[in-house]
Amino acid sequence: MKKSVLTLFAVAALTLTACNDKKAVDANDALETNEATETAVKYNVDIENSQIDWAGGKVAGGGHTGTIALEQGEVFVEDGKVTMGKFVIDMKTITVTDLTEDTGKADLEAHLKGESEDKADHFFNVSKFPTATFELVNVKDSTVEGNLTMKGQTSSIEFPATVTVTDNDVTIASDEFEIDRTKWGVNFNSGSVFQDLAGDKIIKDNIKVKFTVKATK
């Protein structure tokens with residue numbers, strides 16, 4: 001068994017955050033993608049053992065936590081190293097974990113998904129954009145580069161994570177990191193987009209993401 005530990009990203013648990021202690025990773029123009037070589041070995045994502053965690057809140061304090069599931073994905077390995085991959089995030093599975101049905105769980109999930117017509121585009125509008133994707137393009141210097149697409153908008157991001165490759169599986173575990181949600185058009189109650197919001201209404205711009213992905217040969 002050969003084991004290679006790299007550092008990488010694969011996508012998605014969310015946090016809605018703007019004046020934050022942490023700086024969001026930069027979102028830049030989309031990177032050119034590459035194709036897997038004939039000698040690369042494909043590993044398919046095990047969606048039952050993969051999960052994205054998110055947490056988010058207002059600038060004035062208070063927040064929520066939750067999860068999102070992967071719909072599918074694949075990772076390609078050559079010479080014991082991850083060379084590329086693609087992960088499809090099922091935005092319809094956005095779940096809030098810190099609330100119960102008695103404390104507004106269903107209402108918040110519906111708002112995040114945009115299930116009512118008047119609030120459809122506040123956050124993720126899953127009827128129009130049922131999935132998000134992360135395409136892993138490059139692993140270098142203990143970081144991963146790739147293209148994140150949400151709500152039809154694509155930008156590249158770069159961040160650390162830990163990737164373990166064996167003969168049978170690949171495990172990708174990210175550190176917690178943040179992206180600026182407004183770069184993908186998730187603008188609801190953003191203080192940087194809407195200048196006249198009351199302080200207790202402003203939702204932080206940054207999205208915190210932490211995930212674990214397992215893929216098997």
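User: What makes Glu109 count as buried?

Analyst: Its relative accessible area is 13%, and buried means under 20%, with exposed over 50% and partly exposed in between (1.4 Å probe, protein chains only). So 13% puts Glu109 in the buried class. Before we go on: this is a predicted model, where local features need pLDDT of at least 70, side-chain atom pairs count only at pLDDT 80 or more, and totals for chains, interfaces and linings use all residues. Residues are numbered from 1 along each chain as its sequence is written, and side-chain values use heavy atoms, with hydrogens and water left out.

User: How do you know that Lys105 and Glu109 form a salt bridge?

Analyst: The closest N and O atoms of Lys105 and Glu109 are 2.9 Å apart. A salt bridge is a side-chain nitrogen of Lys or Arg within 4 Å of a carboxyl oxygen of Asp or Glu, so the pair passes. Lys105 and Glu109 both sit in helix H1 (residues 105-113), four residues apart, about one turn of the helix. Helices (H or I, at least four residues) and strands (E, at least two) are DSSP runs, numbered from the N terminus. Lys105 is buried too, at 17% relative accessibility.

User: Which other residues of H1 are buried, and what do they pack against?

Analyst: Besides Lys105 and Glu109, the buried residues of H1 are Leu108, His111, Leu112 and Lys113. The buried residues of the helix pack against strand S3 (51-57), S4 and S5. Right after H1 comes Gly114, with a positive phi near 75°.

User: Why is His111 called buried, and what does it touch?

Analyst: His111 has 16% relative accessibility, so it counts as buried. Leaving out residues up to four places away in sequence, His111 touches Lys119, His122, Phe123 and Phe188 (contact means heavy atoms within 4.5 Å).

User: Two of those are phenylalanines. What makes Phe123 and Phe188 an edge-to-face pair?

Analyst: The structure holds four aromatic pairs. In the one formed by Phe123 and Phe188, the centres are 5.1 Å apart and the planes are at 65°. Rings of Phe, Tyr and Trp (its six-membered ring) pair if their centres lie within 6.5 Å; planes under 30 degrees apart count as stacked, over 60 as edge-to-face and the rest as tilted. With 5.1 Å and 65°, the pair therefore earns the edge-to-face label. Phe123 is in the loop between H1 and S6 and Phe188 in the loop between S11 and S12, so the pair ties together parts that are 65 residues apart in sequence. Phe123 and Phe188 are both buried.

User: Why is the Phe159 and Phe177 pair called stacked?

Analyst: Their centres are 4.4 Å apart and their planes at 5°, so the pair is stacked. Phe159 belongs to strand S8 (residues 153-159) and Phe177 to strand S11, so this pair ties together parts that are 18 residues apart in sequence. Both Phe159 and Phe177 are buried.

User: What stops Glu178 from having a salt bridge?

Analyst: Distance. Glu178, in strand S11 (residues 177-180), is buried, and the nearest side chain of opposite charge, Lys208, is 4.4 Å away. Lys and Arg count as positive and Asp and Glu as negative, while His and the chain ends are not counted. Since a salt bridge needs to be within 4 Å, the 4.4 Å of Lys208 fails. The Glu178 side chain does make a polar contact with the Asn206 side chain at 2.9 Å. That cut-off is a pair of N or O atoms within 3.5 Å; within protein, one must be able to donate a hydrogen and the other to accept it, and residues adjacent in sequence count only if both atoms are side-chain atoms.

User: How do you know that Arg181 and Asp205 make the cut as a salt bridge?

Analyst: Their N to O distance is 3.9 Å, and the limit is within 4 Å, so they count. Arg181 and Asp205 both lie in the loop between S11 and strand S12 (206-216), 24 residues apart. Both residues are buried.

User: What makes Lys92 partly exposed and Asp90 buried?

Analyst: Lys92 has 41% relative accessibility, so it counts as partly exposed, while Asp90 is buried at 14%. Their side chains meet in a salt bridge at 2.9 Å, N to O.

User: What makes S4 and S5 a strand pair?

Analyst: Two strands pair if DSSP finds at least two bridges between them, and 11 bridges join S4 (residues 63-78) to S5 (residues 81-96), so the antiparallel pair qualifies. The two form a hairpin with two residues between them, and Asp79 in the turn has a positive phi of about 55°.
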